[in-house]
Amino acid sequence: MAAVAAAQKNREMFAIKKSYSIENGYPARRRSLVDDARFETLVVKQTKQTVLDEARLRANDSSVDPEIEIDETSTQKSGEISEQDTGLTEEEVVLSNAIAEGPEAEKALQRAALILRLREGMNSLSRVLKSIEKYQGLVCHLETRPSQNDNNQLDALIKVEMTRITLLQLIKSLRQSSSLEHVTLIGEDNISAKNPWFPRHASDLDNCNHLMTKYEPDLDMNHPGFADKEYRARRKEIAEIAFAYKYGDAIPFIEYTETENKTWGAVFNTVLDLMPKHACAEYCRVFKLLQEEGIFTADHIPQLEEMSNFLKRHTGFSLRPAAGLLTARDFLASLAFRIFQSTQYVRHKNTPYHTPEPDCIHELLGHMPLLADPSFAQFSQEIGLASLGASDSEIEKLSTVYWFTVEFGLCKESGVVKAYGAGLLSAYGELLHALSDKPELRPFEPAVTAIQPYQDQEYQPIYYVAESFDDMKDKFRRWVSAMSRPFEVRFNPHTGRVEVLDSVEKLESLVHQLNTEVLHLSNAINKMKLPSYQ
Ligand SMILES: C[C@H](O)[C@H](O)[C@H]1CNc2nc(N)[nH]c(=O)c2N1
Ligand SMILES: N[C@@H](Cc1ccc(O)cc1)C(=O)O
Ligand SMILES: [Fe+2]
């Protein structure tokens with residue numbers, strides 16, 4: 001029983017390391033709601049701590065095979081509990097848990113990296129290498145450097161390949177050696193901060209759709225659909241489509257009910273009324289286009305597929321269905337590929353003026369018009385690119401800025417305050433509130449805005465106003481370029497892949513490509529200047 005539970009927990013620990021978000025060691029985030037995020041991080045930490053503690057206990061009482069002889073410099077017999085044993089790293093716990101799964105898992109080959117501090121310099125190193133040999137391990141890579149805190153000591157990074165069980169035995173035996181000050185196992189993929197996992201291609205987004213469960217009608221008593229069984233069933237039915245969706249599929253057609261279309265119609269007509277006075281010019285321009293194409297009409301909800309095709313034609317953006325509110329990390333990542341993850345279900349009919357979770361009315365009426373605007377589309381992709389591989393605290397900040405701009409932003413237009421945020425243009429109740437004298441309006445300043453806590457159940461008490469739409473984008477860009485991520489990324493439109501710009505060759509070929517484009521642009525200017533052009 002205990003073993004089964006241990007294996008299960010172990011799988012969870014491994015799961016933390018697999019795909020984006022949670023599985024890749026980025027803690028699950030309750031969006032950028034600052035307090036929620038803190039809470040969640042704490043819970044994840046506590047769970048991890050428990051797993052670690054339990055495994056440490058187990059590692060201490062089921063020790064290495066006493067038959068295997070250890071390093072001659074060892075000060076302890078194997079099997080005895082060494083003090084250092086209690087200091088297993090997370091990777092060591094994962095390793096020993098993996099071993100506990102059974103004889104096959106035990107013999108599986110494992111690549112790993114060890115960091116050692118050698119007390120007696122190169123002399124200790126030769127002993128270490130001998131030990132590795134004794135355990136039939138393969139040394140794949142070796143680096144040393146003088147240790148930072150002591151003159152005679154040497155730090156070594158050794159990458160090895162060996163079976164899991166012998167790896168664990170090796171670590172234990174090395175730990176007992178008096179010639180080593182410390183021995184740390186680190187996961188192979190943890191070696192380089194320059195190389196964290198993040199989606200490199202739109203197909204990887206199949207792993208980037210982690211939901212936040214907080215605002216689901218099944219769970220949240222304040223959700224407008226909580227008491228309505230039929231609504232909840234419908235919401236689930238539509239969510240299933242998103243769960244089954246894979247990259248490359250066409251977006252399934254939804255036969256919306258009369259009630260759903262009516263809810264859309266009510267929101268649509270009100271926004272249509274308010275728009276000329278309250279929405280920014282870019283929004284109004286595309287809104288008209290969408291009406292002309294027959295996609296935006298009061299009588300039915302547009303299908304995601306037709307909207308996706310419209311976006312593709314204008315900015316290369318496309319849609320993929322999402323089952324609900326996504327984590328900020330996963331949501332932002334898709335923007336890097338000019339993909340917007342959109343919900344497909346409709347808000348509850350009783351609250352057309354505002355809903356606590358994004359629904360397709362919000363996505364369609366709120367987000368789509370600006371995503372069809374070239375400059376805004378580019379800006380959205382930049383936010384997405386900035387989020388790839390960013391630290392948790394940076395994701396927190398990016399999503400907070402996203403919240404106060406893309407979701408709830410206001411900007412001045414010839415001195416008049418207008419709305420461009422999607423959460424305002426899809427919720428007329430909030431739109432009117434934002435432009436009344438009730439909320440506090442503050443000037444948009446990315447560094448300050450990025451740390452402003454917020455909630456999304458009620459209307460916002462604070463909005464940030466940009467001097468202009470363009471000013472907002474400029475300020476954002478400058479702020480993002482100061483972020484601490486140690487590498488730069490670029491979306492390659494030819495391959496559809498995100499590349500890390502980390503080699504001279506890559507940059508040279510890029511410069512070459514850009515030079516060619518600049519040449520064509522200046523040719524175009526010269527041709528327009530010719531008298532024959534007129
Ligand atoms: C990034 C930021 O947190 C933002 O509010 C995101 C979160 N997750 C989302 N998930 C979905 N489905 N739709 C959205 O508009 C958003 N917005
Ligand atoms: N409040 C928005 C929907 C929304 C909810 C939560 C979000 O995080 C974003 C958008 C509306 O009524 O249209
Ligand atoms: Fe949104």
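A residue is called buried when its relative accessible area is under 20%, exposed when it is over 50%, and partly exposed in between (1.4 Å probe, protein chains only). The structure here is a predicted model: local features need pLDDT of at least 70, side-chain atom pairs count only at pLDDT 80 or more, and totals for chains, interfaces and linings use all residues. Residues are numbered from 1 along each chain as its sequence is written, chains are lettered from A and ligands numbered from 1 in the order in which they are written, and side-chain values use heavy atoms, without hydrogens and water.

Q: Which term fits Phe 476 and Trp 479, buried or exposed?
A: Both Phe 476 and Trp 479 are buried. The two residues lie in helix α18 (residues 469-481), 3 residues apart, which is about one turn of the helix. Helices here are DSSP runs of H or I with at least four residues, strands are E runs of at least two, and both are numbered from the N terminus.

Q: How many aromatic pairs does the structure hold, and what makes two rings a pair?
A: There are 19 aromatic pairs. Rings of Phe, Tyr and Trp (its six-membered ring) pair if their centres lie within 6.5 Å; planes under 30 degrees apart count as stacked, over 60 as edge-to-face and the rest as tilted.

Q: What is the pair of Phe 337 and Phe 491 called, and why?
A: The ring centres are 6.1 Å apart, which is within 6.5 Å, and the planes stand at 85°, which is over 60, so the pair is edge-to-face. Phe 337 lies in the loop between α11 (328-335) and β6 (339-343), while Phe 491 is in strand β11 (residues 489-492), so the pair ties together parts that are 154 residues apart in sequence. Both Phe 337 and Phe 491 are buried.

Q: What is the pair of Phe 476 and Trp 479 called?
A: This pair is tilted. The centres are 5.8 Å apart and the planes make 55°, so the angle is neither under 30 nor over 60 degrees. Phe 476 and Trp 479 also belong to one aromatic cluster with Phe 376, Phe 379, Tyr 420 and Phe 469.

Q: How do you know that a charge sits over the ring of Tyr 345?
A: The rule asks for NZ of Lys or CZ of Arg within 6 Å of the ring centre and within 35 degrees of the ring normal. The charged end of Arg 235 is 3.8 Å from the centre of the Tyr 345 ring and sits over it. Likewise, the charged end of Arg 200 sits over the ring of Phe 198, 4.2 Å from its centre.

Q: What makes a residue a donor to the iron ion (ligand 3), and which residues are they?
A: Donors are N, O and S atoms within 2.8 Å of the metal (3.2 Å for Na, K and Ca); water is not among the atoms, so sites may look incomplete. The iron ion (ligand 3) is coordinated by NE2 of His 362, NE2 of His 367 and two OE entries of Glu 407, at 2.0 to 2.5 Å. The donor residues are spaced H-x4-H-x39-E in sequence.

Q: Why are His 362, His 367 and Glu 407 given the term they have, buried or exposed?
A: His 362 has a relative accessible area of 8%, so it is buried. His 367, at 4%, is buried, and Glu 407, at 11%, counts as buried. Glu 407 is in helix α14 (residues 392-407). Its contacts (heavy atoms within 4.5 Å) include His 362, His 367 and Tyr 402.

Q: Which term fits Asn 526, and why?
A: Asn 526 has a relative accessible area of 45%, neither under 20% nor over 50%, so it is partly exposed. Asn 526 lies in helix α19 (residues 504-529).

Q: Why are β8 and β9 said to stand at the edges?
A: Two strands pair if DSSP finds at least two bridges between them. The open sheet of 4 strands has the order β8-β7-β10-β9, with mixed pairing. β8 (416-419) and β9 (440-443) each have a single partner strand, so one side of each is left without a neighbour in the sheet. Strand β7 (residues 410-413) pairs with β8 in the antiparallel sense over 4 bridges, and Val 416 in β8 is the bridge partner of Glu 413.

Notes: Lists of a residue's contacts leave out its neighbours within four places in sequence.
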